[in-house]
Structures are given as structure tokens and as C-alpha cells.
Amino acid sequence: MAQAQAHPHDHDVLDVIIIGSGISGIGCAAHLRRDRPEKTWCILEMRDDLGGTWDLFRYPGIRSDSDLYTFSYDFKPWNSDNAIAGAAEIKRYIAETADEYDIRRQIRFRRKVTACAWDSTEGLWTVTTTRGDDGMVETWRGRWIFSATGYYDYDKGYRPAFPEEEKFAGPIIHPQHWPEDLDYTGKRIAVIGSGATAVTLLPALAEKAAHVVQVQRTPSYVMPMPQRDGLLTLARLLPSRDLTHRLMRKKNIVQRHVFWLLCQRYPKMMRALIRKINRANLPQDFPIDIHFNPPYGPWQQRLCAVPEGDLYKSLSSGKTSIVTGHIDKFVADGIAMKSGEVVAADIIVTATGLNLKMAGGVAYTVDGKPVVWSDHAIFRGMLLDGIPNFALCIGYTTSSWTLKVGLLCKYFCQLLGEMDRRGKAICIPQRPAGGMTLKPLLDFGAGYVQRSIGSLPKQGDGYPWMMTFSYGGDVKMMKRSSVILPEMKLYDAPAAPAHRPAPA
Ligand SMILES: Cc1cc2nc3c(=O)[nH]c(=O)nc-3n(C[C@H](O)[C@H](O)[C@H](O)COP(=O)(O)OP(=O)(O)OC[C@H]3O[C@@H](n4cnc5c(N)ncnc54)[C@H](O)[C@@H]3O)c2cc1C
């Protein structure tokens with residue numbers, strides 16, 4: 001690829017550079033349009049289109065496992081009948097938001113951000129991108145960075161090596177890289193994995209395949225969920241779509257939170273309840289104790305929701321089945337288990353998960369010094385100590401990611417407004433002088449989190465240095481605390497002019 005150098009935007013210093021045009025990046029842009037219309041900003045996006053996760057993943061059946069009333073934005077009603085939605089429908093909703101708020105023309109597609117360098121003498125970030133089509137390197141300058149790059153590596157899914165996989169005669173496919181032309185009609189498919197992707201794939205593939213087997217080492221918690229929310233008909237009687245959305249959203253926030261709380265407080269009782277629901281949905285002789293018996297408590301890892309119990313239906317019909325155990329090796333026509341059983345397959349799908357990637361893999365520096373994320377602590381769930389004018393967008397992992405992102409975007413806009421009011425240009429959170437006890441950022445058992453937890457920023461043991469996971473608690477906190485806390489050091493803009501002359 002050509003490595004032409006260009007600095008086409010040196011003369012434009014933007015107030016905010018948003019990285020990523022997934023649901024979070026578009027959400028941030030919409031919040032800026034609504035709450036801080038005077039601010040200038042752009043979105044840098046490495047892909048050809050917006051939507052992030054909902055544009056990338058193309059495997060059969062791809063859908064949310066959160067309800068869309070909580071996954072959607074609070075300012076834009078989710079009008080569909082589907083509480084659980086497919087990728088295409090979610091992407092359409094994100095695109096509609098981008099159009100309603102005239103965001104699209106501010107997105108610079110095919111720009112992979114490779115580096116962000118803060119210069120204190122200018123009080124600015126210089127962001128370097130490489131253009132996807134011709135490899136052109138460009139730079140962009142902004143006062144703030146809002147990093148909305150999601151949490152995983154877009155280039156490569158997590159794919160452990162299996163013994164003797166070269167002996168398998170058929171294709172081995174990772175759901176993150178699903179070949180659009182794959183014809184699996186009448187084929188026998190083995191899906192390795194036990195997370196949301198595996199339980200989505202099983203019934204979806206079974207529509208055309210001869211048989212689909214889920215090969216799992218460790219079972220997950222699975223719960224049925226109605227495709228259409230029971231309250232919707234009643235909620236639609238309200239006089240506006242906005243009110244319907246608000247009611248549905250509130251109900252689901254409370255319902256999910258109560259369920260999560262019960263799982264934390266009474267894990268044994270909730271485990272028994274989930275077991276009972278599984279039993280009621282499966283044939284009498286189905287070995288639930290083997291295939292639906294996770295060795296951890298409910299919600300210690302993400303719980304898999306299956307709309308209309310589609311997984312149970314496909315298992316009950318015999319179109320799909322589950323094998324729980326350890327894989328010994330791949331053989332020419334399938335997978336040999338350590339138990340001696342051979343799972344016959346023409347295609348193997350490795351639904352083995354994601355690789356976590358912090359801040360889109362971008363190399364950050366502050367005054368020439370590389371940022372080591374694990375040296376920094378999160379502040380108000382978004383800022384990092386010692387890093388100027390930088391917002392990191394990480395959502396909830398135990399309820400809809402976007403519920404938290406909405407709060408972060410609101411707070412981000414408030415912060416920009418308050419800094420303007422005080423005539424300040426730079427904000428850097430500073431850790432307490434006496435230090436504080438640091439903990440991992442996420443207390444979540446999922447494999448992709450545990451594999452990379454050491455490379456993530458840390459959290460302290462109390463607000464505002466804590467990563468919170470309660471929407472209700474966060475809303476209360478936002479209302480009660482002032483926008484600027486004493487730990488946030490504010491500085492004037494540097495005396496040197498931020499604007500360079502426009503190129504001739
Ligand atoms: C299959 C699947 C299903 C999921 N279902 C749910 C669910 O039901 N509920 C839930 O809460 N969460 C779910 N998640 C998690 C989901 O990723 C988030 O909830 C949400 O979509 C993340 O949105 P985001 O905008 O923060 O990040 P993403 O959707 O990941 O978007 C990030 C964007 O940043 C861009 N980007 C990244 N790095 C760079 C870079 N260096 N330069 C330029 N651009 C960059 C990417 O191209 C992408 O467009 C799911 C995840 C997966 C993989």
C-alpha cells in the first residue's frame with residue numbers, strides 16, 4: 001500500500017474527536033448535537049460503514065441478547081415489535097439516528113486511528129490515521145478524544161488452537177469471519193462454544209443443516225425471553241411513542257436489575273429457578289445436569305437469553321444436540337472428545353469468543369511518554385487519571401452496554417459545558433495524594449475479560465474511582481454530584497495559539 005503523507009486537516013482544530021461509529025460513537029455525536037451544538041467534532045471510523053458490532057458480525061441468526069428498549073438510546077424510541085433484534089435491524093436504528101442528527105457527513109470512514117499524541121504546550125491531541133483504501137496517513141487535531149472503539153479486536157476473534165486440526169477435512173470457521181457464500185445446506189455442523197454466539201447459532205444453522213451439535217467444555221446459564229414484550233400492547237396505548245419507549249425502558253431496567261440483584265444475593269435459589277425453567281422447556285429425559293449445569297453462580301458471567309426458547313425447541317426436535325466435555329483432537333470427519341465419543345461434522349464453527357482490545361489498539365502518548373493503560377485508574381467511569389482531555393467509553397457488562405454509555409455521553413456534554421463556563425480548557429483527574437487500593441477494572445468472569453484483565457486500566461475501591469454496574473445507582477450519583485469534583489484538575493488553555501495557519 002502507498003504510504004503517502006498528508007496533513008489535510010492541520011488548520012481545523014476540532015473540539016472533540018470521536019473514535020468509532022458504533023452505537024456508542026453515534027450516541028456521543030447525537031448527544032453533542034443535542035446538548036452542545038456549538039462544539040465541532042468528527043468521527044474517525046476504520047470501517048466502510050457505521051454500526052460497529054452490528055455491521056461486523058454476519059453469522060446466521062446474529063442478534064442482541066439484551067432487550068432493545070434498554071439497548072437503544074433514551075432519546076430515540078425503539079419502535080419495533082421485537083424486544084430482541086437482529087443485527088440488520090439494530091444497524092438500521094443506528095443509521096436512522098445518524099441521519100436524524102445529521103451525523104453521517106461528519107464521519108470519516110476508512111480511517112484507522114493508529115496513534116493519539118497529547119502535547120501540553122498546545123493543549124491538543126494529534127490523531128494519526130491510516131486510510132483503508134490507499135494507505136494515506138493523515139493527522140487530525142482536537143481538544144478532546146472520546147474513544148468509542150468497543151472492547152474487542154475487530155481483526156481477529158479468539159481462536160485457541162486444537163490438536164491435529166489440520167486433519168479435519170472440512171472448513172473451520174470463526175463467527176467473526178463468517179464467509180457470506182458458505183452453503184451449509186444438509187451439512188453436519190459442530191459449534192464449539194457455550195456463549196451467546198453458540199446458542200444463537202444452534203437453532204439458526206439447524207434451519208438448513210442436517211444436524212448441529214454444540215460442543216462445550218463448560219455450560220452457561222440459558223434463559224428464554226419473549227421476542228415481543230408482554231407489556232408492549234398496553235404501553236402502546238400511551239399517547240406518544242416517546243412515552244411508550246420510556247415505560248418499556250424503565251420496566252426492563254428494573255426487571256433486569258432485580259433479576260441480577262437476586263442472582264447476586266440468592267445464587268442458590270436463582271440457580272434452582274433457572275434449572276426449573278430449563279427443565280420445563282426440554283424433554284423429560286434431557287440430561288440437564290450435564291448440559292445446563294454451570295460450575296459458577298448465575299450472572300457471574302453473561303447469561304444467555306434465547307428468544308422464544310428457540311434453543312430448547314431445536315434441541316427438543318432433535319435437529320440440534322449438545323456434547324459437554326473436553327476436546328481431545330480434530331479428526332478427518334469431526335471432533336474426537338476425551339471421553340472417546342466422536343462428534344461427526346462436515347463444518348466446524350469455533351464460537352470461542354473475542355480478543356479484548358483496549359481503546360482500539362491505538363498507541364497513546366502524553367508529551368511523548370507512552371500511555372500504559374494498566375498504570376491508570378478510571379474516574380467517574382470514563383476519565384483516566386493523568387491523561388488530559390480523554391474519555392473512554394466502556395458500557396455495562398451485566399446489563400445493556402449502552403445504558404451506561406448514555407450516562408457517560410450526558411456527563412461528557414455537561415463536563416464540556418461546565419469547563420467552558422469556568423473558562424478552562426484542560427481536565428486531568430488526579431489520584432489522591434495518599435494513594436488508593438487498586439482493583440481490576442471489571443469483576444466479570446467471561447474468558448475474554450479474564451485473558452486481558454491485566455492490560456486494562458484499574459479502578460479504586462470507592463466512588464468516583466469505581467467502575468459501577470448499577471444504572472439506578474449511577475443515575476442517582478450523577479444527579480447528586482457536581483459536574484466538577486475536587487480530584488479533577490482544570491487548567492487554562494496554553495498561551496501558545498492552538499490554531500496553525502491554514503495551508504496555502
Ligand atoms: C455478537 C455480539 C452480540 C452482542 N450483543 C449485545 C447485547 O445484546 N447487549 C449488549 O449490551 N451488548 C452486546 N454486545 C456487546 C456490544 O459490542 C456492545 O454492546 C455495543 O454494540 C458496543 O458498541 P460500541 O459502539 O461501544 O462498540 P462497537 O460496536 O464495537 O464499535 C466500535 C467501532 O469503533 C471502530 N474502531 C475500533 N478501533 C478503531 C480504530 N483504531 N480506528 C478507527 N475506528 C476504530 C470499529 O470499527 C467500530 O465501528 C454484543 C457483542 C457481540 C460481539
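Strand β4 supplies the largest share of the shell around the ligand, namely 3 residues. The structure described here is a predicted model. In total, 35 residues surround the ligand, and those that come nearest are S24, E45, D65, S66 and Y154. By character, the shell divides into 16 nonpolar, 13 polar and 6 charged residues.

Several polar contacts reach oxygen atoms of the ligand. A backbone N or O atom of I23 lies 3.1 Å from one such oxygen atom, and a polar side-chain atom of W54 lies 3.1 Å from an oxygen atom of the ligand. For W401, a backbone N or O atom is found 2.8 Å from a ligand oxygen atom. Taken alone, the ligand exposes 970 Å², of which the protein buries 96%. The elements giving two or more residues to the shell are α1 (23-35), α2 and β4 (111-119).

The loop between β2 (41-44) and α2 (53-56) holds R47. The side chain of R47 makes a polar contact of 3.0 Å with that of D55. Beyond its neighbours within four places in sequence, R47 is in contact with D55, L56, R58, F109, R110 and Y154.

Attention now turns to a sheet. It is open and consists of 5 strands paired in parallel, in the order β7-β16-β8-β9-β12. Because β7 (172-173) and β12 (320-324) stand at the edges with a single partner strand each, one side of each has no neighbour in the sheet. Within this arrangement, 4 bridges join β8 (residues 188-192) to β16 (residues 347-350), and A190 stands opposite I348 in β16. Helix α5 (residues 196-206) packs on the sheet, touching β8, β9 (211-216), β12 and β16. The direction of α5 makes about 165° with that of β9.

How values were computed:
Residues are numbered from 1 along each chain as its sequence is written. This is a predicted model: local features need pLDDT of at least 70, side-chain atom pairs count only at pLDDT 80 or more; totals for chains, interfaces and linings use all residues. Side-chain values use heavy atoms; hydrogens and water are left out. A polar contact is a pair of N or O atoms within 3.5 Å; within protein, one must be able to donate a hydrogen and the other to accept it, and residues adjacent in sequence count only if both atoms are side-chain atoms. Contact means heavy atoms within 4.5 Å. Two strands pair if DSSP finds at least two bridges between them. Axes are lines fitted to C-alpha atoms, for helices over the stretch in contact, and angles run from 0 to 180 degrees between N-to-C directions. A residue is near a molecule or strand if one of its heavy atoms lies within 4 Å of it. Accessible areas come from the Shrake-Rupley method with a 1.4 Å probe; for residues, only the protein chains shown count as cover. Ala, Val, Leu, Ile, Met, Phe, Trp, Tyr, Cys and Pro count as nonpolar, Asp, Glu, Lys and Arg as charged, and the others, Gly among them, as polar.
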